[in-house]
Amino acid sequence: MFRNVNIKNNKALYNFIFLEKYIAGLKLLGHEVKSIKNNNANLNNSFCKVLKKEIFLFNFYIKQLLSFKNQNATDRKILLLLKKQEIRKISEAVKKFSLNIIPEKIFLNKKGLIKLVIHLAKSKKKYEKRELIKKKEFEILSKRKYSSFL
């Protein structure tokens, strides 16, 4: 039927330290579902906010299909479907510890429903990002150096 949905937020792991993971449903329109199932969406630079006891996804770009060109904007705020307890827990953590709610990836579950993986995350400092880059470069160099011996 549809290919595997593979929409990821590539910069999230580089910019944030993930603390807690949640899986949420998305309240979407029909043409948005079709676009996401065809991998025509982008999670980069997207974020979530708690507004009036509900969590919304912002800056989520969904490419419009040609047949639905006159529909609403593709970067509207999208309601996340979570349990009340989860929403309360997330909102308390955001207020108390000043954490961020970062979307990581979108996938299809066994029933074919579109789900979003979100994380409570703490932003990395510049020196933490530099250390990560150094480690990756060191690993690449060490693989090149010792690959001739194998």
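In which loop does Lys 124 lie? In this predicted model, Lys 124 is placed in the loop between β9 and α4, the latter comprising residues 126-147. The residue is buried yet has no salt bridge, and Glu 128, the nearest side chain of opposite charge, is 6.7 Å away. A polar atom of the Lys 124 side chain does, however, lie 3.2 Å from the backbone oxygen of Leu 13. When neighbours within four places in sequence are left aside, the contacts of Lys 124 are with Leu 13, Tyr 14, Asn 15, Phe 16 and Ile 17, together with Lys 129 and Leu 132.

The chain as a whole contains four helices and nine strands, and these elements follow one another along the sequence in the pattern β-α-β-α-β-β-β-β-β-α-β-β-α. Of its 150 residues, 33% are buried. Among contacts with a separation of 6 or more, 66% are accounted for by residues 24 or more positions apart in the chain.

The largest nonpolar core consists of 27 residues, of which Leu 26, Ile 36, Phe 60, Leu 80, Ile 106 and Ile 118 touch the most other members. At least two residues of this core are supplied by each of β2 (16-26), β5 (54-58), β7 (78-81), α3 (84-97), β8 (100-108) and β9 (114-123). The most is given by β9, which contributes four residues.

Several of the strands are linked by antiparallel pairing. Strand β4, residues 47-51, pairs with β5 in the antiparallel sense over five bridges, and Phe 47 has Phe 58 of β5 as its bridge partner. The hairpin formed by β4 and β5 has two residues between the strands, and in this hairpin Lys 52 takes a positive phi near 50°. Strand β5 is also joined to β7, with which it runs antiparallel, by two bridges; here Phe 56 is matched with Leu 79 of β7 as its bridge partner. Strand β7 in turn pairs with β2, again in the antiparallel sense and over two bridges. The bridge partner of Leu 26 in β7 is Leu 80, and both of these residues are listed among the core members that touch the most others.

A second charged residue, Glu 32, was examined in helix α2, which spans residues 30-37. Glu 32 counts as buried because its relative accessible area is 2%, a value under the 20% limit that defines the buried class. The side chain of Glu 32 reaches back to the backbone nitrogen of Leu 29, at a distance of 2.9 Å.

Val 94, which is found in helix α3, belongs to a different accessibility class: at 24% relative accessibility it counts as partly exposed, because that class takes in values between the 20% limit for buried and the 50% limit for exposed residues. With residues up to four places away in sequence not counted, Val 94 touches Leu 99, Ile 101 and Leu 120. Ile 101 falls within the range of β8, residues 100-108, and Leu 120 within that of β9, residues 114-123. The C-alpha atoms of Val 94 and Ala 121 are 9.3 Å apart in space, although the two residues are 27 residues apart in sequence.

Notes. Residues are numbered from 1 along each chain as its sequence is written. This is a predicted model: local features need pLDDT of at least 70, side-chain atom pairs count only at pLDDT 80 or more; totals for chains, interfaces and linings use all residues. Side-chain values use heavy atoms; hydrogens and water are left out. Buried means under 20% relative accessible area, exposed over 50%, partly exposed in between (1.4 Å probe, protein chains only). A polar contact is a pair of N or O atoms within 3.5 Å; within protein, one must be able to donate a hydrogen and the other to accept it, and residues adjacent in sequence count only if both atoms are side-chain atoms. A nonpolar core is a set of buried Ala, Val, Leu, Ile, Met, Phe, Trp, Tyr and Cys residues joined through side-chain atoms within 4.5 Å. Lys and Arg count as positive and Asp and Glu as negative; His and the chain ends are not counted. A salt bridge is a side-chain nitrogen of Lys or Arg within 4 Å of a carboxyl oxygen of Asp or Glu. Contact means heavy atoms within 4.5 Å. Two strands pair if DSSP finds at least two bridges between them.
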